[in-house]
Each structure stands twice: as C-alpha cells, then as structure tokens.
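Ready for a little practice with pockets and charged pairs? Have the model open and try each exercise before reading its solution.

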Amino acid sequence: DLKALLSIDKEKYKNYKNFRVRVLDTALSEINRFTYLNVGYTPERQGRTINALIFTIEKKENIMDRIAA
C-alpha cells in the first residue's frame, strides 16, 4: 500500500482526489522541479476504482550533453 510506504495514516486522505492533489501531485511537482528526474504516474483503473499507480521515471536531458554532441 502506497500510504504505508509513505508513512501516512490509513485514516488520512480516504478520498483518492485529496491524496492525489495534496500528496502525489505536490511531491512529483517538487521532484520534477528540483532534481534531474522527470517523474509521472498513470492511474490504473478497475471499473471506476483506482487500484494501482504506474510510475514512470526518466532522467532529464542535460543541456550540456546536447551542446557537446
């Protein structure tokens, strides 16, 4: 469970939208802004229920690598 991995109480953010906006999107925005990684996710649905998140992690292209090539 993602909440357990993040040490978030199970009673907090029971609504997926609140968890997404307050935890996931905030964290990923900071990671993408301040690190050399681009991180995203895609919710995997079973009917109307989100049962998994598929994360994609990519290294940002370094501008100096393009200039040297």
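Two worked exercises follow, both on a predicted model.

**Exercise 1. Describe the largest pocket: its volume, its lining and the elements that contribute to the lining.**

Solution.
- Start with the volume: the largest pocket holds about 310 Å³ of space.
- Next, look at its walls. The lining is made of 13 residues, and Asp1, Leu2, Tyr16, Ile50 and Leu53 are the closest to the pocket centre.
- Now place the lining on the fold. Helix H1 (2-5), helix H2 (16-34) and strand E2 (49-59) each give two or more residues. E2 gives the most, with five residues.
- Finish with the chemistry: nine of the lining residues are nonpolar, three are charged and one is polar.

**Exercise 2. Find the salt bridges, and decide whether the partners are buried, partly exposed or exposed.**

Solution.
- Begin with the count: there are two salt bridges.
- Take the pair Glu11 and Lys14. Their closest N and O atoms lie 3.0 Å apart, and the cut-off for a salt bridge is 4 Å.
- Check how open this pair is. Exposed means over 50% relative accessible area; Glu11 is exposed because its value is 53%, and Lys14 is exposed because its value is 62%.
- Move on to Arg20 and Asp25, whose side chains form a salt bridge with an N to O distance of 3.2 Å.
- Apply the accessibility test again. Partly exposed lies between 20% and 50%, so Arg20, at 26%, is partly exposed, and Asp25, at 28%, is partly exposed too.

Methods:
Residues numbered from 1 in each chain as written. Predicted model: local features only at pLDDT ≥ 70, side-chain atom pairs only at ≥ 80, totals over all residues. Heavy atoms only, no water. 1 Å grid on protein atoms, 1.4 Å probe; cavity = no way out; pocket = protein on both sides within 12 Å on 5 of 7 lines; lining within 4 Å. Points joined across faces, edges and corners; volume = space filled by probe spheres on them. Helix = DSSP H or I, 4+ residues; strand = E, 2+ residues; numbered from the N terminus. Nonpolar A, V, L, I, M, F, W, Y, C, P; charged D, E, K, R; others polar. Buried < 20%, exposed > 50% of the residue type's maximum accessible area, 1.4 Å probe, protein only.
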